[in-house]
Amino acid sequence: MTGPERADVRPPDADALAFLTRPGLARLWTAVRTRLERNGLRPAGAIRLDQLDAREREALSLLLARPVTGLTVTMRLTDLDTRLRASAVGRGLVAMLEELGPPLTDRRAVRDAAAAERAHVWSTARSELEATLLSAQPWAAQWLEEIRRGGTLARQDSHIAITVITQAIQTLGALFPGTNQPPTPATWGRGELATRTTGSAHGLDDGTLLSRLVLRGIALARGVESPADAPARRALWRMASVTPDEVSSTVLTYGLRPTGGTWRERALRERADHHMETHLTLRELRALRLEVPPRTRVHVCENPRVVEAAADTGGGTEPLICTSGSATTVVLTLLDALAAAGCTFAYHGDFDWPGIALANRIRHRYAAEPWRMRAADYEYLATRAQLHGTPQIPLTGTPTDAEWDPELTPTMAALGIALHEEAALDLLLEDLGTSVGTHPSGDSP
């Protein structure tokens, strides 16, 4: 519908409006609206309505000025448009449907505009790539084509997409400069690199679309697989001479006594001898020589309160490592190193569904034994809490199977009580102080 038609047409009178909105025409207008939006708002083609009821046949007969007596009717949109213009309605299909609302959408125009925006994104990306020395690298064209085929960038707003792909190209250009490029650092800090290419020190943080695109480029440049987890992402950054942040995240330890001879190992042994907990960063872990006596038993807990209480009591000779909730990269890095040194593991965590899921994860990765984490332990602690009048925490969420004890999950579901690790604190400290604790289920930790 043209602009003048919109401006010159007066609103339909009340009788015409009442006729157009009668229930017998509802299916017709829905079908016409769909066809118009697909046709670029042009009244072309035909529509067919099946299984007409008596009310619809009556309304269509009045609208078309001819009897509609069967169960099916076919109408050309041009004829319907002409009929409406010549009637008391006084306007064509497009104007009439917009009068009734909601506004029509020219879906063809929307598709064409979206296609034009996508084309602009990729033409801009190709131009940006050609402007750098990356264009001489075979992997760079493959990288850009993979991104285009993947569709992730196309789902972004075009302005965001252009910004992200441009920053990704600039970042890779900084990491893989040609011989004519200005000198760049031999090793980048990830925050420093992000600041240079995005203006924000957090621009290349894990989880951002930009970091994923850049890491895929690094993987192609180095001929390796894309990283599947956080440790692999860090390793890939280092392959491109980028140092990730290795100091802000820590793992809480107690009683860790590596046998190495450097000042780092001596410091850990001294802190353990003085019953002091220690927070270790990734940078410290990479510098440590984590050599320990063969078959050293490592207790692993979920909550920092267990470590705090162990340090307060000053007992225990075996290492205690805290995951501090869901185990992060730095926690897994320490546990991986201890596993490689031949340690064995015993794990305790919260008796709730996330706690069971984490216990399964630690068990799978390190063949960890349950540490007071069986059905009998849960029943004992739940009964004790009830006898002491401890306020109960409802067990919520989706049940998770405890893979080490088929009785634990149904027992928890039946009682419906969540028990945080602190509920077993006295028993855990007893185990840490004697290395073997009295176990309600008859198992040694």
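**Group meeting: helices, charges and backbone turns in a predicted model**

Let me begin with helix α15, which spans residues 304-313 and in which Val306, Val307, Ala309, Ala310 and Ala311 are buried. Before going further I should say that this is a predicted model, and I will keep my description to what can be computed from its atoms. Directly after α15 comes Gly314, where the backbone takes a positive phi of about 70°.

A second helix can be described along similar lines. In helix α6, residues 93-100, the buried residues are Leu93, Val94, Ala95, Met96 and Leu97, and the helix is followed by Gly101, whose phi is positive, near 75°. Gly101 is also joined to Pro102 by a cis peptide bond, with omega at about -5°, and Pro102 lies in the loop between α6 and α7, the latter covering residues 107-130.

Staying with α6 for a moment, what does the side chain of Arg91 meet in a salt bridge? The partner is Glu99, with a distance of 3.4 Å from N to O. Arg91 counts as buried, at 4% relative accessibility, whereas Glu99 is partly exposed, with a relative accessible area of 40%.

That pair is part of a wider set, for the count of salt bridges comes to 18, and I would like to go through two others. One is between Asp206 and Arg190, whose closest N and O atoms are 3.2 Å apart. This pair links distant parts of the chain, since Asp206 sits in the loop between α10 (190-198) and α11 (209-222), while Arg190 is in helix α10, 16 residues apart. Asp206 is partly exposed, with a relative accessible area of 34%, and Arg190 is buried, with a value of 11%. Salt bridges that share partners also join Glu145, Arg148 and Arg149 into one network.

Within that network, Arg149 forms a salt bridge with Glu145, the closest N and O atoms being 3.8 Å apart. Why might these two be placed to face one another along helix α8? Arg149 and Glu145 are four residues apart in helix α8, residues 138-150, and so are separated by about one helical turn. In general, an α-helix has 3.6 residues a turn, so residues three or four places apart point the same way. Arg149 counts as exposed at 57% relative accessibility, and Glu145 as partly exposed at 28%.

Not every charge has such a partner. Asp352, in the loop between β9 (344-347) and α17 (353-366), is buried yet has no salt bridge, and the nearest side chain of opposite charge, Arg361, is 13 Å away. What, then, is Asp352 in contact with, leaving aside its neighbours within four places in sequence? The contacts are Leu395, Met412, Ala418 and His420.

On the surface, Arg38, Arg42, Arg108 and Arg111 form a positive patch. Of these, Arg38 belongs to helix α3, residues 26-38, and is exposed, with a relative accessible area of 53%.

I will end with two residues that are not glycine and nevertheless have a positive phi. Gln51, with a phi of about 55°, lies in the loop between β1 (46-49) and α4 (54-64) and counts as exposed at 62% relative accessibility. His275, whose phi is near 55°, is found in the loop between α13 (263-273) and β6 (278-281), and counts as partly exposed at 32% relative accessibility.

Technical notes. Residues are numbered from 1 along each chain as its sequence is written. This is a predicted model: local features need pLDDT of at least 70, side-chain atom pairs count only at pLDDT 80 or more; totals for chains, interfaces and linings use all residues. Side-chain values use heavy atoms; hydrogens and water are left out. Buried means under 20% relative accessible area, exposed over 50%, partly exposed in between (1.4 Å probe, protein chains only). Patches are made of residues with over 30% relative accessible area and no salt bridge: like charges are joined within 9 Å, nonpolar side chains (Val, Leu, Ile, Met, Phe, Trp, Tyr) within 5 Å. Accessible areas come from the Shrake-Rupley method with a 1.4 Å probe; for residues, only the protein chains shown count as cover. A salt bridge is a side-chain nitrogen of Lys or Arg within 4 Å of a carboxyl oxygen of Asp or Glu. Lys and Arg count as positive and Asp and Glu as negative; His and the chain ends are not counted. The place of a charge is taken as NZ of Lys, CZ of Arg, CG of Asp or CD of Glu. Contact means heavy atoms within 4.5 Å.
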